[in-house]
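Please find below my remarks on the model, set out as numbered points. They take up the pocket, the strands and the core in turn.

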Amino acid sequence: MKKNLVVLTGAGISAESGVQTFRDSNGLWENHAIEDVATPNGWNRNKELVLSFYNARRAQLKQVKPNTAHLCLAEWQKHWNVQIITQNVDDLHERAGSKHVLHLHGELIKKCSSTNKEKYVTVERNDIRLGDLAPDGSQYRPYIVWFGEDVPAMETAVAIAAKADVLLVIGTSLQVYPAASLVHYVSTKCACFVVDNHIPRVPDFFTPIEMPATKGLPFLYEEYLNKLL
Ligand code: APR
């Protein structure tokens, strides 16, 4: 039976595909204050702004491609049961060929009811416009978990992390909870690695690989992973 390789990814894994990370631009995300575009209050204040912000992010997805790091994780499925828990809302893991991807913070390519987030979840690859209504009569909104909202996938993520033989954390500053707490749910037998070009604060039992993801993952495989099979 294949061993469980659990991977927690953040914005850093998509950086080399050309998708901007969050915390390297003074709290601004693509020139917008996070409060304006990624909170329920922002949505209530100005739906048009929030829709156009995510429409732009969704359109950008069509311009970017999975990079070597996404492709490595997909390739490793041959030898490992790879389960990805991602904070990213892009679909680059899926497009690289990864089969088990759990999105903690939602998905750009989906929309949902704005009165009940888990209702009328539908694939949407194009713009969501003001006046596009879900069958319950509410404005469709992006299927994104905003600051202050529940993270319903967290329970499943904790169960996955608890069964990890190897935990690999890639490209996340680990500043956003509850996602960041996943590193504390692994068993004492789990081998833990972090690949990031600025290693975030992690528990002592992690082996740090301070490299960009596209270089760090091939290195990790050669130096460590293939010896753990
Ligand atoms: N390779 C590896 N790591 C990288 C690279 C790269 N090429 N480029 C940047 N990084 C690292 C940074 O050093 C940083 O540790 O990626 C991390 C990005 O951190 P954040 O921008 O804080 O992104 P993330 O941790 O994914 O944010 C978590 O916050 O804004 C919310 O919901 C949003 O899911 C997001 C969550």
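1. In this predicted model, the lining of the largest pocket is made up, by class, of 24 nonpolar, 16 polar and eight charged residues. The lining comprises 48 residues in total, and those that lie nearest the centre of the pocket are Gly10, Ala11, Thr21, Phe22 and Arg23. The volume of this largest pocket comes to about 1000 Å³.

2. As to which elements contribute to that lining, two or more residues are given by each of α1 (12–15) and α4 (47–61). Of the elements concerned, α4 supplies the largest share of the lining of the largest pocket, namely four residues.

3. Strand β6, which spans residues 106–113, is mostly covered, with seven of its eight residues buried. Strand β6 pairs with strand β8 (residues 140–144) in the antiparallel sense, and five bridges are found between these two strands. Within this pairing, serine 113 has tyrosine 140 of β8 as its bridge partner, while glutamate 107 is matched with tyrosine 143, also in β8.

4. Strand β6 is also joined to strand β7 (residues 122–123), here through two bridges, and these strands likewise run antiparallel. In this second pairing, lysine 111 of the one strand stands opposite threonine 122 in β7.

5. Why can strand β8 be described as largely enclosed by the rest of the structure? The description holds because five of the five residues of β8 are buried, where buried means under 20% relative accessible area.

6. Turning to the interior, the largest nonpolar core has 26 residues, and those with the most contacts inside it are Ile85, Leu104, Leu167, Val169, Leu174, Leu182 and Phe206. The elements that give two or more residues to this core are β1 (3–9), α7 (154–162), β9 (166–170) and β10 (191–195). Among these contributions, the largest share of the core comes from α7, which provides four residues.

7. Leucine 174 deserves a separate remark, since it is listed among the core residues with the most contacts inside the core. When residues up to four places away in sequence are not counted, leucine 174 touches Leu8, Val169, Ala180, Val183, Pro200, Arg201 and Val202. One of these partners, Val169, is itself listed among the core residues with the most contacts.

Note on methods: Residues numbered from 1 in each chain as written. Predicted model: local features only at pLDDT ≥ 70, side-chain atom pairs only at ≥ 80, totals over all residues. Heavy atoms only, no water. Core = buried A, V, L, I, M, F, W, Y, C linked by side-chain atoms within 4.5 Å. Buried < 20%, exposed > 50% of the residue type's maximum accessible area, 1.4 Å probe, protein only. Contact = heavy atoms within 4.5 Å. Pairing = 2+ DSSP bridges. 1 Å grid on protein atoms, 1.4 Å probe; cavity = no way out; pocket = protein on both sides within 12 Å on 5 of 7 lines; lining within 4 Å. Points joined across faces, edges and corners; volume = space filled by probe spheres on them. Nonpolar A, V, L, I, M, F, W, Y, C, P; charged D, E, K, R; others polar.
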